[in-house]
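This report looks at how a single chain is held together, beginning with its covalent cross-links and moving on to its core and one of its pockets. Please keep the sequence and the model open while reading.

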Amino acid sequence: MNKIFPQGDGNDSAAGAKALPGGEGDMPQSLPSFLVARCGDPSSWIYSDQKCDGANNCGDCSDELSPVTACPPCGPGWWRCPSTVFGYCGCIPRSLCRDLVQHCSDWSDEYSCPGP
């Protein structure tokens, strides 16, 4: 489950986001800074191990596509393409290739991807 915490007074609740206890929305000061990473939206953060994992953990793909993130190219089980699936950013699992469903905006998952 994504650990995205919006800043604010605790009254703003996005789908899937959780507010911190006490209405605090900022990163918890008790965690070492290397364990957390800010998203493109500075009011949100994720755990560092969620960067470059292929999933859209920040909701704006900044954990996957940001110049600051510097993610490596797609791994062997992934296909690089402009994704149409909100859950992925720039790469989709090869298991989604050639399944007769468009997952890439250029349709490369159906016509170019070698498949799983």
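Is the disulfide of Cys74 and Cys91 left-handed or right-handed, and why? The torsion about the S-S bond of this pair is about -80°, so the disulfide is left-handed. The model in which this value was computed is a predicted one.

**Overall layout**

The chain contains 2 helices and 4 strands, and, read from the N terminus, its elements follow the order β-β-α-β-β-α. Of its 116 residues, 34% are buried. When contacts between residues at least 6 apart in sequence are considered, 24% of them join residues at least 24 apart.

**The disulfides**

The structure holds 5 disulfides, and three of them are set out below.

| Pair | S to S distance | Torsion about the S-S bond |
|---|---|---|
| Cys39 and Cys58 | 2.0 Å | about -75° |
| Cys74 and Cys91 | 1.7 Å | about -80° |
| Cys97 and Cys113 | 2.1 Å | 85° |

The link of Cys39 and Cys58 is left-handed, which follows from its torsion of about -75°. Cys39 sits in the loop between β1 (36-38) and β2 (45-47), while Cys58 sits in the loop between β2 and α1 (62-65), so this disulfide ties together parts of the chain that are 19 residues apart in sequence. Cys39 has a relative accessible area of 8% and is therefore buried, and Cys58, with a relative accessible area of 11%, is buried as well.

In the pair of Cys74 and Cys91, Cys74 belongs to the loop between α1 and β3 (78-80) and Cys91 to strand β4 (residues 91-93), so that the bond connects parts 17 residues apart in sequence. Cys74 counts as partly exposed, because its relative accessibility is 21% and the buried class ends under 20%. Cys91, in contrast, is buried, with a relative accessible area of 10%.

The link of Cys97 and Cys113 is right-handed, with 85° about its S-S bond. Cys97 lies in the loop between β4 and α2 (108-111) and Cys113 in the segment after α2, so the pair ties together parts that are 16 residues apart in sequence. Both Cys97 and Cys113 are buried.

**The nonpolar core**

Which residues make up the largest nonpolar core? This core has 7 residues in all, namely Trp79, Cys81, Ile92, Leu96, Cys97, Cys104 and Cys113, and so the disulfide partners Cys97 and Cys113 both belong to it. One of its members, Ile92, touches a number of residues beyond its neighbours within four places in sequence: Ile92 is in contact with Gly77, Trp78, Trp79, Cys81, Ser83, Cys97, His103, Cys104 and Asp109.

**The second largest pocket**

The second largest pocket has a volume of about 200 Å³. Its lining consists of 14 residues, and those closest to the centre of the pocket are Glu64, Cys71, Pro72, Cys74 and Cys91. The latter two are the partners of the disulfide with an S to S distance of 1.7 Å. By class, the lining of this pocket comprises 9 nonpolar, 2 polar and 3 charged residues, and α1 and β3 each contribute at least two residues to it.

Methods
Residues are numbered from 1 along each chain as its sequence is written. This is a predicted model: local features need pLDDT of at least 70, side-chain atom pairs count only at pLDDT 80 or more; totals for chains, interfaces and linings use all residues. Side-chain values use heavy atoms; hydrogens and water are left out. A disulfide is a pair of cysteine sulfur atoms within 2.5 Å. Buried means under 20% relative accessible area, exposed over 50%, partly exposed in between (1.4 Å probe, protein chains only). A nonpolar core is a set of buried Ala, Val, Leu, Ile, Met, Phe, Trp, Tyr and Cys residues joined through side-chain atoms within 4.5 Å. Contact means heavy atoms within 4.5 Å. On a 1 Å grid over the protein atoms alone, a cavity is a set of points where a 1.4 Å probe fits but cannot get out, and a pocket is an open set with protein on both sides within 12 Å along at least five of seven lines; lining residues have an atom within 4 Å of a point. Grid points are joined across faces, edges and corners, and a volume is the space filled by probe spheres set on the points. Ala, Val, Leu, Ile, Met, Phe, Trp, Tyr, Cys and Pro count as nonpolar, Asp, Glu, Lys and Arg as charged, and the others, Gly among them, as polar.
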